[in-house]
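Me: I would like to go through this structure and ask what stands behind each label. Please keep the answers short.

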Amino acid sequence: MRYAIVGFGCAGFNAARAIRTEDPSGEIHVFEQTGAPPANPMLTTYYASEAINFNAVFPFGTLEEIRAKYDFVIHSEVKVAHVRAESRELVFENGSVESFDRILVATGARAFVPPIEGYPSDHAFLMRTTADAVRLKTYLDATPVRKAVVVGASMVGIKVAELLLNRGIETVIADFAEFLFPVAAFRDVAEELEERVRSRGIRFAWHKGVAGIGERCVRFSDGTELEADIVCLCIGTRANTELVANKEVVEGEGVRVNRGIVVDEHMRTSVFGVYAAGDCCEGKNLLTGETMIIGLWQNAGFQGDTAGHNMAGANRVYRGTIPHNITHFMDIYFIGIGDNRAIGEMVTYGDIKGPLFVKAVQQKGCLKCVNIIGSSEVGGILKSFFLKQLSSAASAHLPTVQRMVLMKNGLPADFIDLLEGGLR
Amino acid sequence: MKYIFDLNTENCVGCGACSVACMDQNDTDTERGEKPFRVVSTLEQGYRGETRWSYISVACMHCEDAPCIKACPCGCLFKDEETNFTIYDNTNCIGCHSCAMACPFGAPRFNEEGKMVKCDGCNDRVKAGLKPACVKACPFDALKMYSEDEYKQAHPARGIHDIVQQLLRQE
């Protein structure tokens with residue numbers, strides 16, 4: 001069998017490794033554009049803040065180490081111009097064409113930048129790729145910066161703001177939204193987090209849609225401006241679907257694409273022999289039953305692994321996941337699980353200003369959203385329970401072992417009863 | 001040889017010997033706020049008009065397809081090819097707690113530097129032919145370590161390993 005993997009991040013690496021375990025003699029061709037080994041976008045802020053060294057951004061090792069260990073043919077800095085899905089061919093930028101038995105599209109996502117007057121600019125920065133992190137760090141090391149604006153009250157935005165603050169830079173986080181982590185946090189939780197972050201010296205500007213970047217300022221759509229020596233755009237990401245999303249598919253229907261490439265539980269796209277995994281694809285959101293991009297490192301790993309095994313003939317299923325995040329900033333841990341817009345019965349534990357606070361929304365006894373400030377141990381178990389409820393029934397109970405660990409971590413029995421829907 | 005930890009909850013009386021042995025083995029400094037890798041819990045529950053007590057000793061379950069390994073953004077967690085224990089090298093750990101968020105049992109701990117530490121199954125002891133400290137200390141044979149073959153033959157009743165497998169299948 002000849003396999004092609006287009007894109008070599010977390011999903012691509014996991015897929016190639018899984019293929020190798022299923023098919024020891026198959027030809028695995030990996031096509032990647034950067035000349036670098038798989039990098040983790042989440043680590044870019046940690047590198048820029050000097051928490052880790054450059055090599056640590058590549059958690060699977062160097063390209064040479066990966067080649068030596070797994071016997072993949074890695075075509076570095078090769079640009080695939082187009083995937084002909086129906087005929088399972090890759091068209092390269094130089095016009096050459098190669099055909100494969102199975103193709104995985106694992107092209108990831110890129111930082112999203114809306115139309116902004118004055119962008120690109122030498123003092124406007126993104127934070128998605130290793131190159132973005134190097135560019136920001138190099139600039140900050142060489143240039144005196146007094147004031148910065150981070151556009152985007154996102155998980156990346158808060159980390160960028162933290163690293164700027166640690167360099168003594170006056171920093172404002174601006175967002176069109178009304179509060180911090182608008183797709184993960186309940187409003188009151190977000191306001192508490194905002195207060196804690198404000199007390200460290202970061203300011204916020206809400207209802208601000210970025211419209212332009214000037215010489216020493218950021219302009220917003222409401223006509224206001226903020227002074228800024230640099231601007232960091234952490235607005236969000238967009239899936240890299242272009243390779244399969246165009247209309248040049250040889251025959252038949254093309255690969256189905258919404259916001260991402262739509263896949264089933266086997267990571268198959270709508271075209272036979274073509275798979276997708278990672279941040280470029282939409283797997284199942286178990287909370288809604290719909291497909292959705294859930295851009296998480298772990299999710300990409302499971303998706304890539306599943307795709308790889310199945311490309312080589314196995315029958316693996318990855319059911320999907322739910323939106324969830326843990327964010328660590330300024331000695332604060334915030335966990336969001338599920339849909340923060342969910343309306344239902346609300347249960348809370350702890351003082352929102354204390355060391356451990358849990359707030360959950362349930363519908364008919366089932367968890368729909370959980371926010372936690374303080375404890376990752378509690379977060380891991382509640383995420384597990386959330387998934388258990390989704391895979392079984394509303395009356396699902398926590399196994400005794402998990403109940404005991406929750407209690408050991410400070411949650412009282414009567415609150416755990418409430419999380420179970422009060423049925424116990 | 002791959003190994004499996006199991007706890008027979010019928011035999012566990014919650015004495016805490018396993019946890020003390022774990023702290024001793026791993027030099028856990030509780031006075032500096034470090035948490036033991038293995039914890040023992042007691043649960044009191046009403047059941048048909050009676051009060052029942054359950055005891056459990058919990059540490060890393062060394063899951064077969066350990067979710068913490070895929071969740072770690074830095075590649076710090078991996079399997080020991082010989083023992084199958086989930087072990088780690090926290091040199092590049094950024095303290096993000098993604099491993100804890102992935103763990104259904106609250107197993108990862110974090111040291112003073114904020115870096116992840118956890119039960120490694122006493123990997124070095126086991127490779128040297130010794131029992132893990134917690135297993136050696138258990139006075140009631142509740143906590144055991146089996147080879148895969150031994151486990152298949154014994155398949156202990158009321159073992160915690162089965163519950164773990166069931167939970168992981170739901171994720």
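Me: How many residues does each chain bring to the contact of chain A and chain B?
Reply: Chain B brings 29 residues and chain A brings 37. Two residues are in contact if their C-beta atoms, placed from the backbone, lie within 7 Å. This is a predicted model, in which local features need pLDDT of at least 70 and side-chain atom pairs count only at pLDDT 80 or more, while totals for chains, interfaces and linings use all residues. Residues are numbered from 1 along each chain as its sequence is written, and chains are lettered from A and ligands numbered from 1 in the order in which they are written.

Me: Which elements of chain B supply the side that touches chain A?
Reply: β2 (39–47), β3 (50–58), α2 (67–71), α3 (98–102) and α7 (160–169) of chain B each supply at least two residues. α3(B) gives the most, with four residues. Helices (H or I, at least four residues) and strands (E, at least two) are DSSP runs, numbered from the N terminus.

Me: What classes of residue make up that side of chain B?
Reply: There are 18 nonpolar, nine polar and two charged residues. Ala, Val, Leu, Ile, Met, Phe, Trp, Tyr, Cys and Pro count as nonpolar, Asp, Glu, Lys and Arg as charged, and the others, Gly among them, as polar.

Me: How is chain A divided into domains?
Reply: Domain 1 is 2–40 + 49–110 + 239–311, domain 2 is 124–235 and domain 3 is 342–419. These bounds come from an automatic or database domain assignment.

Me: How many residues of domain 2 of chain A are in contact with domain 3 of chain A?
Reply: Five residues of domain 2 of chain A are in contact with five residues of domain 3 of chain A. On the domain 2 side, three are nonpolar, none is polar and two are charged. The C-alpha centres of these two domains lie 32 Å apart.

Me: Why does the span of helix α8 of chain A agree with what is expected?
Reply: The expected span of a helix is 1.5 Å times one less than its number of residues. For the 15 residues of α8(A) (297–311) that gives 21 Å, and the end C-alpha atoms are 21 Å apart, so the two agree.

Me: What makes α8(A) mostly covered?
Reply: A residue is buried if 20 or more other C-beta atoms lie within 10 Å of its own, exposed if 12 or fewer, and partly exposed in between; C-beta atoms are placed from the backbone. In α8(A), 15 of 15 residues are buried. G313(A) follows the helix with a positive phi, near 105°.

Me: How do α1(A) and α8(A) meet?
Reply: The axes of α1(A) (residues 10–22) and α8(A) come within 7 Å and cross at roughly 35°. Axes are lines fitted to C-alpha atoms, for helices over the stretch in contact, and angles run from 0 to 180 degrees between N-to-C directions. The residues of this contact divide into 11 nonpolar, seven polar and three charged.

Me: Why is M155(A) called buried?
Reply: M155(A) has 21 C-beta neighbours inside 10 Å, so it counts as buried. M155(A) is found in helix α5(A), residues 155–166. Leaving aside neighbours within four places in sequence, M155(A) is in contact with F181(A), N325(A) and T327(A).

Me: Why is α5(A) described as largely enclosed?
Reply: 10 of its 12 residues are buried, so the rest of the structure largely encloses α5(A). What covers these buried residues includes α2, β10 (147–151), β11 (170–174), β16 (230–233) and β22 (324–329) of chain A. Just after α5(A), G168(A) takes a positive phi of about 80°.

Me: Why is E50(A) called exposed, and R88(A) buried?
Reply: E50(A) has 12 other C-beta atoms within 10 Å, so it is exposed. R88(A) has 20 C-beta neighbours inside 10 Å, so it counts as buried.

Me: What is phi in E50(A), and in R88(A)?
Reply: Phi of E50(A) is positive, near 65°. R88(A) has a positive phi of about 50°. Most residues other than glycine have a negative phi, and most peptide bonds are trans.

Me: Which form does the peptide bond from Y119(A) to P120(A) take, cis or trans?
Reply: That bond is cis, with omega near 0°. P120(A) is found in the loop between β8 (109–111) and β9 (124–126) of chain A.
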